[in-house]
Amino acid sequence: MDKVRNVFEAILKYGHDEDFYPEAPDTFSSTDAPAGSEEKIEILRRRIELGLPLWHDSDRCDYSGLTGAIRPRE
């Protein structure tokens with residue numbers, strides 16, 4: 001795939017994304033944002049936009065150490 005920066009450009013140019021493989025530069029860093037959080041969704045959106053891999057091997061994979069809000073029962 002010549003000169004496409006992200007999966008969207010690959011689809012526009014070739015009509016599919018079957019041959020698009022994002023490359024991770026040395027500066028590609030992991031995130032500690034928990035799955036489903038607004039922060040994680042924004043990071044994933046940005047990675048796609050920049051043509052980076054969606055996942056990093058060191059991204060947070062669980063919810064350990066996080067504290068959630070507790071709502072009292074009515």
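Let's start on one face of helix α2, where Glu38 and Ile41 are exposed, meaning over 50% relative accessible area, with buried meaning under 20% and partly exposed in between (1.4 Å probe, protein chains only). Helices here are DSSP runs of H or I with at least four residues, numbered from the N terminus. Keep in mind that this is a predicted model, in which local features need pLDDT of at least 70 and side-chain atom pairs count only at pLDDT 80 or more, while totals for chains, interfaces and linings use all residues. Residues are numbered from 1 along each chain as its sequence is written, and side-chain values use heavy atoms, with hydrogens and water left out.

Turn α2 around and you find Lys40, Leu44 and Arg47, which are buried. They sit on the same side of α2 because they cover an arc of only 60° around the axis, the arc being that of the directions from the helix axis to the C-beta atoms. An α-helix has 3.6 residues a turn, so residues three or four places apart point the same way.

The geometry of α2 is easy to check. Its 13 residues, 38-50, should span 18 Å at 1.5 Å a residue, and the end C-alpha atoms are indeed 18 Å apart; the expected span is 1.5 Å times one less than the number of residues. Gly51 follows α2 with a positive phi, near 80°. Earlier in the chain, Gly15 comes just after α1 and takes a positive phi of about 85°. At the N-terminal end of α1 (residues 7-14), Asn6 acts as a cap, with a side-chain oxygen 3.0 Å from the backbone nitrogen of Phe8.

Now for the charged side chains. Counting a salt bridge as a side-chain nitrogen of Lys or Arg within 4 Å of a carboxyl oxygen of Asp or Glu, the total comes to seven. One of them joins Asp32 and Arg60, at 3.3 Å from N to O. Asp32 is in the loop between α1 and α2 and Arg60 in the segment after α2, so this pair ties together parts 28 residues apart in sequence. Asp32 is exposed at 55% relative accessible area, whereas Arg60 is buried at 16%.

Arg47 returns here too, paired with Asp59 through N and O atoms that are 2.8 Å apart at their closest. This salt bridge links helix α2 to the segment after it, across twelve residues. Both partners are buried, Asp59 at 9% and Arg47 at 4%.

Within α2, Arg45 and Glu49 are four residues apart, about one turn of the helix, and their closest N and O atoms are 3.0 Å apart. Arg45 is partly exposed at 40%, as is Glu49 at 35%. These two join Glu42 and Arg46 in a network of salt bridges.

Definitions and conventions. Polar contact = N/O pair within 3.5 Å; in protein donor to acceptor, adjacent residues only side chain to side chain. Helix = DSSP H or I, 4+ residues; strand = E, 2+ residues; numbered from the N terminus.
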